[in-house]
Amino acid sequence: MMNFTWKEIARACGGELVLRGNAGGEDSCVSSVVIDSRLAEARGVFIATLGERVDGHKFITDVFSKGAALVITQKTPEQVEAEHGCKASEWGSYILVADTLQALKEIAEAYRRKLSVRVVGITGSVGKTSTKEFIASVLAEKYQVLKTEGNFNNEIGVPLTLLRIRPEHELAVVEMGISDFGEMHRLSKMARPNICVMTNIGQSHLNNLKDRDGILRAKSEIFDFMAEDGEICLNGEDDKLAALREIKGHIPHFFGLGTDSGEEVSVTDIVGRGLEGSDAVLVMKQAEGENMRQQIHIPLPGRHMALNAAAAACVGRLLGLSGEEIAAGIGKAGLMTGRTNVIRLPRYTLIDDCYNANPVSMKAAIDLLALADTTKVAILGDMLNLGENSHRYHKEAGSHAAASGIDHILCVGEESRHMFWAAANNAEETMKISHYPDTETLLRSLSSDSGELVPEGSTVLIKASHDMGFVKVLEFLRS
């Protein structure tokens, strides 16, 4: 159960509480708060939101039939009956508000204020999700941890994550993603992080944020509602972040790969094990005496994963974990589908990185593919929302792929024409390079002659922005 009553929920969102039936009263506590009617449960709260395709209000009578105690709605029972045919007489208690999405955020903020749990907030242009997984894995060696699930990192996902915190949780690891100014300010107001982690300042969402300085300003809004005694962990390998020596009276802690003497936590002596990850040494500076050195295994492939492990070690150190505990947590880290996930199949080895793409993550994924000791196939799609320099970023990605020893490069999408031409102009004669206007055209070609495009035994990288629909390519190759 949540330590959160009907009366507190109504006060938080400024809504009118209307009591109907016998499911409880204003001093009753609730079991959960959800916006997906399929997750509604007995004594829980369902917030009926207006989505782009579905109006959640049409499911109100369904959630009451499941035993939900309370519904938050921006439409009256009579309005919902007129629009969707759901009988007003079958409603239980509800809270009427002006805007249910705004109510979701206000309820999450109020609930967070009631909690003693410490929150680790993670932002950055690249690596948020993998860093979240490393940090959660490390902290779980000592604490009861809740983490962001999937890609719930925006103004809907963050409040839903906060509303999943329960009394048994000691720490919450919350991923926070944005695409415009002001968003992080609102996320920070809800999450009120005790520890802020920033992975890097790259090139993403440039349509709105314009340049890396704009990205830094927007992401720095995470500090707006940080706890007074909060801590800050920054990537010392990033030039923009390394220049931040004081933030609102806080002295940041830096993590990295040992290239800067100011890094308190670093991962050094990295020995690559191909797609099996890498071995390395974790170094943590001590106030007195010799630095602590701990052998670690990073189970996820790619040099960039060493930075994510360093970030986790930095947070773990601040929260009192030993070197042995940190090493154990790093060694257990895993990733969600679509995020540099290595899938070994009888016919291929797939590197599933089709959730999103920007110039930094695209080059990192290509570098990872280059580690394979098989035929290397890169299926690369458009990187979206890159603004006026999009053509240049795609050309750079194509040139990088050609220089990385990739055997087959399949470019997909309108912007990826520039990737294709750059790759073709820099490729060796043995490389095969092709372009497809869209994902469906690629799928038709794979269906007719996949053995030629993707030879059996290949290692295949699947990488593009989410809206390119590359999950279809993944599903095809898996089947």
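Q: What makes the pair of Asp 211 and Asp 213 at the start of helix 9 a polar contact?
A: In this predicted model, a side-chain oxygen of Asp 211 comes to within 3.2 Å of the backbone nitrogen of Asp 213. A polar contact needs a pair of N or O atoms within 3.5 Å, one able to donate a hydrogen and the other to accept it, so this pair counts.

Q: Which residues of helix 9 are called buried, and why?
A: They're Gly 214, Ile 215, Leu 216, Ala 218 and Lys 219, in a helix that covers residues 212–219. They get the label because buried means under 20% relative accessible area.

Q: What do the buried residues of helix 9 pack against?
A: Two strands and three helices are on the list: strand 6 (118–123) and strand 9 (195–198), plus helix 7 (183–191), helix 8 (206–209) and helix 10 (239–242). Contact here means heavy atoms within 4.5 Å.

Q: How do you know whether the radius of gyration of the chain agrees with a compact globule?
A: Set the value against the rule: with 479 residues, a compact globule would have a radius of gyration near 23 Å. The chain has 24 Å, so the two agree.

Q: How many of the 479 residues in the chain are buried, as a percentage?
A: Buried residues account for 56% of them.

Q: What percentage of the chain's contacts join residues at least 24 apart?
A: Take the contacts between residues at least 6 apart in sequence: 66% of those join residues at least 24 apart.

Definitions and conventions:
Residues numbered from 1 in each chain as written. Predicted model: local features only at pLDDT ≥ 70, side-chain atom pairs only at ≥ 80, totals over all residues. Heavy atoms only, no water. Rg over C-alpha atoms; globule rule 2.2 N^0.38 Å. Buried < 20%, exposed > 50% of the residue type's maximum accessible area, 1.4 Å probe, protein only. Helix = DSSP H or I, 4+ residues; strand = E, 2+ residues; numbered from the N terminus.
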